[in-house]
Amino acid sequence: MRRSLLRFSSFLLIAAAAAVLSAAPALAQTPASTSPAPAAASIPAENPAVTKIARAEIDAWESGKVDRTRYTDEANKHITTDLVTNVSKQMAPLGAPTSFKYVGHAQQFGMDLTNYEAAFPQITLTESIALDPNGKISFIYFVPKQ
């Protein structure tokens with residue numbers, strides 16, 4: 001199972017810029033979920049609109065039906081048919097999440113990332129997502145929770 005998790009995380013990155021892509025392995029090595037949980041009072045308020053988008057993207061990637069119009073032009077440059085197919089093949093067996101919860105914000109790579117945990121029977125994924133001012137996805141990242 002551990003080997004499949006490592007392979008799983010290697011396909012689950014869409015980035016907004018080449019600089020972010022080159023820095024992304026550092027994000028995979030130190031996901032927000034490995035840091036001590038901040039006190040509840042220090043977590044910024046959840047934005048229901050972002051949560052709705054983030055939750056919908058779990059289903060989109062799992063089904064292999066990613067709506068590229070929801071992504072910025074720069075992010076679209078990194079979304080290939082092979083990437084969508086590979087991610088879908090890995091996520092489809094997980095089924096629907098048993099829970100999906102907001103876990104906070106992080107500033108990384110010059111972006112304001114909103115973080116969620118999607119729990120499935122056999123794994124929990126951390127999802128980080130950034131939206132541009134127009135509400136388009138500029139960055140999305142799924143990684144198995146450590």
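Which residues of the largest nonpolar core touch the most other members? In this predicted model, where local features need pLDDT of at least 70, side-chain atom pairs count only at pLDDT 80 or more, and totals for chains, interfaces and linings use all residues, they are Trp61, Tyr71, Phe120, Ile129 and Ile140, out of 24 residues in that core. Residues are numbered from 1 along each chain as its sequence is written, and side-chain values use heavy atoms, with hydrogens and water left out.

A nonpolar core is here a set of buried Ala, Val, Leu, Ile, Met, Phe, Trp, Tyr and Cys residues joined through side-chain atoms within 4.5 Å, where buried means under 20% relative accessible area, exposed over 50% and partly exposed in between, with a 1.4 Å probe and protein chains only. Helix H3 (48-63), helix H5 (81-91), strand S3, strand S4 (124-131) and strand S5 (137-144) each supply at least two residues of the largest core, and the largest share, five residues, comes from H3. Tyr71, leaving aside its neighbours within four places in sequence, is in contact with Glu57, Trp61, Val66, Asn76, Ile79, Lys136, Ile137 and Ile140, contact meaning heavy atoms within 4.5 Å. Apart from the largest core lies another core, of six residues, among them Met111, Leu113, Ala130 and Tyr141. In soluble globular proteins, nonpolar side chains tend to be buried together.

These cores belong to a protein chain with five helices and five strands, which follow the pattern α-β-α-α-α-α-β-β-β-β along the sequence; helices (H or I, at least four residues) and strands (E, at least two) are DSSP runs numbered from the N terminus. Of the 146 residues in the protein chain, 43% are buried, and among contacts with a separation of 6 or more, 59% are between residues 24 or more positions apart.

The strands S2, S3 and S4 can be followed in order. S2 and S3 run antiparallel and are joined by nine bridges, two strands being paired if DSSP finds at least two bridges between them. Gly104 stands opposite Asn115 in S3, and the hairpin of S2 and S3 has two residues between the strands, with Phe109 in the turn showing a positive phi of about 55 degrees. S3 also pairs with S4 in the antiparallel sense, over six bridges, and Ala118 has Leu125 in S4 as its bridge partner; S3 and S4 form a hairpin with four residues between them. S3 is mostly covered, since eight of its nine residues are buried.

The structure also holds three aromatic pairs, in which rings of Phe, Tyr and Trp (its six-membered ring) have centres within 6.5 Å, with planes under 30 degrees apart counted as stacked, over 60 as edge-to-face and the rest as tilted. The rings of Phe100 and Tyr116 have their centres 5.0 Å apart and their planes at 15 degrees, so this pair is stacked; it links Phe100 in strand S2 (residues 99-108) with Tyr116 in strand S3 (residues 111-119), 16 residues apart. For Tyr102 and Tyr116 the centres are 5.9 Å apart and the planes at 65 degrees, so that pair is edge-to-face. Tyr116 is buried, with a relative accessible area of 0%, and Tyr102 is buried too. Ring pairs thus link Phe100, Tyr102 and Tyr116 into a cluster. Arg55 lies over the face of Phe100, at 5.9 Å from the ring centre, a placement that requires NZ of Lys or CZ of Arg within 6 Å of the ring centre and within 35 degrees of the ring normal.
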